[in-house]
Amino acid sequence: MNSTIIKLAAQALLGRRRFWLLLAFPVLLIALTVTVAALTDAEAAWPLLPGLGYPVVLPLVAVLAASSVLGPEVDDGSIVYLLSKPVSRHSVALSKWVVAWAATMLAGALPLYVSALVAGGGDRALAAGLAAVVAGTTYSALFLAVSAVTRHAVIVSLLFVLIWEGLLGNLLSGVAWLSVAQWGLRIGHEISTELPDPTNLPWAIAASLVVTVGGVWFAGDRLRSFTLRGED
Amino acid sequence: MADRAGVIHDLGYRHYDGPRDGVATIARTLFVTGLRHAFGLGRSGKSKILPFLLLGLSTLPAAIVVGVVTLVGLSDLPLTYAGYTNQTQLLVSLFAAAQAPVLFSRDLRYRSIVLYLARPLPAYVVALTRWASLTTALLVFTVLPVLVLYAGGLLAGLDVSDQTTDLLKAVALLLLVSSMLAGITGFISSVSLRRGFAVVGSIVALVVVPGVVTAVQAIASEEGAEQVGVAAGLASPWSLTNGLASAWDAGVEVFTPPEGGWVVAYLAVAVLIAGVGLAAIVARFLKVGSQ
Amino acid sequence: MSGPESTLVLESVSRWFGNVVAVNDVSLTIGPGVTGLLGPNGAGKTTLMAMMTGFLAPSAGTVTLDGEPVWRHTEAYRRIGLVPERELSFGYLTGRQFVRANADLHRLPDASAATERILGVVDMVEPAGRRMDTYSKGMRQRIKIAAALVHDPAVLMLDEPFNGVDPRQRMHLMDLLRRLGDEGRTVLFSSHILEEVERLARHIEVVVSGRHAASGDFGAIRRLMTDRPVKYAITSSDDRALAALLIAQPSVRAVRLRPDGGLDVQVDDLGSFAVGLPRWARTADLSLYDLSPSDESLESVFAYLVAR
């Protein structure tokens, strides 16, 4: 890890318009939960989490954070300023991931947990929070790897979340085995059985770990082969 | 060197006195190019992948339904035309979010907009043309699977007049939703010139906000506060469309269907969203074009 | 400069993209001093620069800095300062913050002092507190050079450093690069503008269509090409009489009267022309006022190489 790269990436994330977009998600989620809970009762607000917060807001925050720390710099080539330094490329990727991960936790997992507390709290809220931490961690690494491969990282990541995990995941139960969201839910299921039990626990833990470590390593490996090209 | 006055040398270029194409022809050419580009036609092989993948995904179920209807010999389609688009709205939203930057961001980002404006084409015409391209692309995207269903239904011997009425309702709704989506994503893409952020912004408007509205409607319906749910439906393009579809009896179920005056309000707001989106795009092009 | 001198060596380097050969079997050695990498747009300069800076793997051959490969060898950047052509997307940082970040990335023991020192070298102390998106093109180039030099590298590589820089700033940059070369650094810059290279680098490497077309002092390269006609501009007491006299000589291929006075002479056989000209003038009782080669410029070398 490299503190300078972390600092630069954090500055890039915080200092611009994208920060407001990133901030809009938690504000929206918490405001909605609080409003619904206040107008009706806490129990009625709970479906917002499995329906909106967990499957949509959390991955979107991860997509935005992961693609923000790497995407624009790869896109316009200014990443060469970071790469033309005696710093291992894996360390560059790891540092970038730390920032994306922190942003996903703060703007995704934490608000989800807060919303869960508003919507009744208890074991269920803790379980949802844990699921969000696990899935958010895995998402941020996966999307970082995608950002290191293609310029269309945002679209590809969204396809994965909305089409693969969302649309197909609802139709075909087997998709759960290859779904970051479902792994997180399975791990959260250990705390509260109100969360679903889509796969088995060892698989969920192993798959989350492999994708997280593999994603960051892969992003670093792609950076090792980073190629400077002319305008295209 | 007595004569210091300027002179234009005759280099032998011949003057063209014949007829010239007017603004209408230029705009039409731009419109067709934009429409093709929305599907990646005339662009690199890679840019065709996403639009056609999404188009394939949204048409495939229609083909399967037609196959089932034909083989099993059902007397009716299992879902209506408007209901079909309701099921694939995520794919439509993704298509709009992904392809709007193609039409709206690039000219502004790389400032090639000035090249268009160097032609006898006012900035607002360029903006209108772009919007028309995206609206048409979205209409093609949504109508195609519906037509597959329709053709399959007729081939399977379903009642022609019933099916045609249903189809016309669906097409009217699709035209409305296409112009709304084009207005929204077009405006977002012309403001946020970085492709990634334009896409996320559009997804927020077309997926997250409708998701929120649906959640609110579900809760309102459960709590017996129907009016709240109906009012919330005004907040997103998809809830407006689905609300109208339900009111027009086009086969879409919503938690809180609008009735009476609300139907007029839904239609008015839908037209307003499309109009405001278009006006905002035009304003944006005028501003950037004059810089 | 504190460290030892460094040499960049390319051995039989080729690079192809699918069916397109961008760089074709180039071998060259770049040592201390200022070297210009010259070639028209699309000649393979950017590809070559990318390989020399470790941002592209050669398809064949090796690129080494003091014997070590550059590709996938991040430690090599301790000795390399790189000024990419790409614009900075760090406009929200001040010049000082940006240079300081580069110093930190190199883990310099006294990053702050190194930053201030290098800001002084490129004459950017005064605007260093401003955000970089307020800088002019020339200032951005200088801050990029400062960032590349902050760790005192032996090799400085610049991709098209003068593009879009106004003439006064260009002079300033050239002085800076010349000074760095005189200090014993290996300074390599690419350009497609002959006038820039000619004014800054005596040593040039020319690439044309991906091939290494020429190498060395540009005057020497020019003289090596004896098989091509040489042009002279001559002014004399009677240009028309001299023109008549010259065109009769077998060593002269063409004579042209210049509209503003004087002659343009194209010479095939330089040796006999040089010996003959004073004699012919004397016998015809003509005075020669001025004789100068009219194309001892990089432009002509270049045009010749491209056309060959």
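Which two chains do not touch, and how far apart are their nearest C-alpha atoms? They are chain B and chain C, and the distance is 12 Å. Keep in mind as you look around that this is a predicted model.

## Who touches whom

There are two pairs of chains in contact, and chains A and C share the most contacts. The other pair to look at is chain B with chain A, where the contact takes 27 residues from chain B and 27 residues from chain A. Let's go through these two interfaces one by one.

## Where chain A meets chain C

Start with who takes part: 32 residues come from chain A and 28 residues from chain C. Put together, these two chains bury about 2,900 Å² between them, and 59% of that is on carbon and sulfur atoms. On the chain A side, look for Tyr81(A), Lys85(A) and Pro86(A): they lose the most area to chain C, together 26% of what that side buries. As for why an area is quoted here, the size of an interface is often given as the accessible area lost when the parts come together.

What about charges and polar atoms? Zero salt bridges are found across the interface of chain A and chain C, while two residue pairs are in polar contact, both at pLDDT 80 or more. Four helices of chain A each supply at least two residues to the side that touches chain C: H1 (3-14), H4 (48-76), H5 (80-83) and H10 (201-224). H1(A) gives the largest share of that side, with five residues. Sorted by type, the residues on this side of chain A come to 12 nonpolar, 10 polar and 10 charged.

## Where chain B meets chain A

Now swing over to chain B. The area buried between chain B and chain A is about 2,300 Å², and carbon and sulfur atoms give 83% of it. In chain B, the residues that lose the most area to chain A are Phe197(B), Val200(B) and Ile219(B), together 24% of what that side buries.

The count of salt bridges between chain B and chain A is zero, and one residue pair is in polar contact, both at pLDDT 80 or more. Three elements of chain B give two or more residues to the side touching chain A, namely helix H2 (45-72), helix H4 (89-109) and helix H8 (195-223). Of these, H8(B) gives the most, with 16 residues. By type, the side of chain B that touches chain A divides into 20 nonpolar, three polar and four charged residues.

## A tour of chain C

Chain C has 10 helices and 14 strands. Its C-alpha atoms fill a box of roughly 75 × 45 × 35 Å along the principal axes. Of its 308 residues, 52% are buried. Take the contacts in chain C with a separation of 6 or more: residues 24 or more positions apart account for 67% of them.

Helix H1 of chain C, residues 45-52, is mostly covered, with seven of its eight residues buried. The buried ones are Lys45(C), Thr47(C), Leu48(C), Met49(C), Ala50(C), Met51(C) and Met52(C). Just after H1(C) you'll find Gly54(C), which takes a positive phi of about 80 degrees.

## A buried charge: Asp239(C)

Next, find Asp239(C) in helix H8 of chain C, which covers residues 239-247. Where is the nearest side chain of opposite charge to this buried residue? That side chain belongs to Arg258(C), 8.0 Å away, and Asp239(C) has no salt bridge.

Asp239(C) does have a polar partner, though: its side chain reaches the backbone nitrogen of Gly262(C) at 2.7 Å. Setting aside neighbours within four places in sequence, Asp239(C) is in contact with Leu257(C), Gly261(C), Gly262(C) and Leu263(C).

## A buried serine: Ser178(B)

Last stop: Ser178(B), in helix H7 of chain B, residues 160-191. Why does Ser178(B) count as buried? Its relative accessibility is 1%, and buried means under 20%.

A polar atom of the side chain of Ser178(B) lies 3.4 Å from the backbone nitrogen of Leu139(B). Leaving out neighbours within four places in sequence, Ser178(B) is in contact with Thr135(B), Leu138(B), Leu139(B) and Thr142(B).

Note on methods: Residues numbered from 1 in each chain as written. Chains lettered and ligands numbered in written order. Predicted model: local features only at pLDDT ≥ 70, side-chain atom pairs only at ≥ 80, totals over all residues. Heavy atoms only, no water. Contact = heavy atoms within 4.5 Å. Buried area = accessible area lost by both parts, 1.4 Å probe. Salt bridge = Lys/Arg side-chain N within 4 Å of Asp/Glu carboxyl O. Polar contact = N/O pair within 3.5 Å; in protein donor to acceptor, adjacent residues only side chain to side chain. Nonpolar A, V, L, I, M, F, W, Y, C, P; charged D, E, K, R; others polar. Buried < 20%, exposed > 50% of the residue type's maximum accessible area, 1.4 Å probe, protein only. Lys, Arg positive; Asp, Glu negative; His and termini not counted.
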